[in-house]
Amino acid sequence: GFELLPPNGFRSRSLSCFNTPDNLDQANWIKSVIKEHGFAINGGYGKIKGKTFRISNMGNETQETMRELLDALDLELPKFLS
């Protein structure tokens, strides 16, 4: 149920923004990923707050560190789906 927010042609190479499924307790999911795994994730702002989340894939990020983040997101996800 996750989808990239920007349409093709408007996506960034350094930041990814995703729409979240309606059955996800997004705020608590993000809090859990931060608390349990130490990753900083932003839950969106303005009109899209609570409906999207953003992750950065720039700077010192590597395929390995991005894999660790995705694994943490996957691990916490079932706890917050209804």
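In this predicted model, S16 touches L4, F53, R54, I55 and N57, leaving out residues up to four places away in sequence. S16 belongs to strand β2 and counts as buried, at 16% relative accessibility. The strand pairs with β3 in an antiparallel sheet, and the sections below proceed from that sheet to the two helices, the nonpolar core and the salt bridges.

**Sheet and adjoining loop**

- The sheet is open and consists of three strands in the order β1-β2-β3, with antiparallel pairing.
- Strands β1 (3-4) and β3 occupy the edges, and each has a single partner strand, so one side of each is left without a neighbour in the sheet.
- Strand β2 (residues 15-19) is joined to β3 by five bridges, and the two run antiparallel.
- C17 has R54 as its bridge partner in β3.
- S16 of β2 has R54 among its contacts as well, together with F53 and I55.
- T20 is located in the loop between β2 and α1, where it counts as buried, at 10% relative accessibility.
- The contacts of T20, apart from neighbours within four places in sequence, are G1, F2, Q26, G50, K51, T52 and F53.

**Helix α1 (26-37)**

- Helix α1 has 12 residues, and its first and last C-alpha atoms are 16 Å apart, close to the 16 Å expected at 1.5 Å a residue.
- Its buried residues are Q26, W29, I30, S32 and V33.
- These buried residues cover an arc of only 160 degrees around the axis, which puts them on the same side of α1.
- The face turned away from that buried side carries the exposed residues K31 and K35.
- Both β3 and α2 are included in what covers the buried residues of α1.
- Q26, one of the buried residues of α1, is also among the contacts of the loop residue T20.
- Just after the helix, G38 adopts a positive phi of about 75 degrees.

**Helix α2 (63-76)**

- The 14 residues of α2 should span 20 Å at 1.5 Å a residue, and the end C-alpha atoms are indeed 20 Å apart, in agreement with that expectation.
- M66, L69, A72, L73 and E76 are the buried residues of α2.
- Viewed down the helix axis, these residues fall within an arc of 120 degrees, so they line one face of α2.
- In general, an α-helix has 3.6 residues a turn, so residues three or four places apart point the same way.
- The face of α2 turned away from its buried side carries the exposed residues Q63, E64 and L75.
- The cover over the buried residues of α2 includes α1 (26-37) and β3 (52-56).

**Nonpolar core**

- The largest nonpolar core has 13 residues, of which W29, V33, I41, F53, I55, L69 and L73 touch the most other members.
- Helices α1 and α2 and strand β3 each supply at least two residues of this core.
- The largest share, four residues, comes from α2.
- L69, a buried residue of α2, touches F39, I41 and I55, not counting residues up to four places away in sequence.
- I55 and F53, both named among the core residues that touch the most other members, are also contacts of S16.

**Salt bridges**

- Two salt bridges are found in a search of the whole structure.
- One is formed by D71 and R67, whose closest N and O atoms are 3.3 Å apart.
- D71 and R67 both lie in α2, four residues apart, about one turn of the helix.
- D71 is partly exposed, with a relative accessible area of 40%, and R67 likewise counts as partly exposed, at 45%.
- The other is formed by E76 and K79, with 2.9 Å between the closest N and O atoms.
- E76 is buried, with a relative accessible area of 2%, whereas K79 is exposed, at 55%.
- E76 is one of the buried residues of α2, so its position falls within the 120 degrees arc that lines one face of the helix.

How values were computed:
Residues are numbered from 1 along each chain as its sequence is written. This is a predicted model: local features need pLDDT of at least 70, side-chain atom pairs count only at pLDDT 80 or more; totals for chains, interfaces and linings use all residues. Side-chain values use heavy atoms; hydrogens and water are left out. A salt bridge is a side-chain nitrogen of Lys or Arg within 4 Å of a carboxyl oxygen of Asp or Glu. Buried means under 20% relative accessible area, exposed over 50%, partly exposed in between (1.4 Å probe, protein chains only). The expected span of a helix is 1.5 Å times one less than its number of residues. The arc is that of the directions from the helix axis to the C-beta atoms. Contact means heavy atoms within 4.5 Å. Two strands pair if DSSP finds at least two bridges between them. A nonpolar core is a set of buried Ala, Val, Leu, Ile, Met, Phe, Trp, Tyr and Cys residues joined through side-chain atoms within 4.5 Å.
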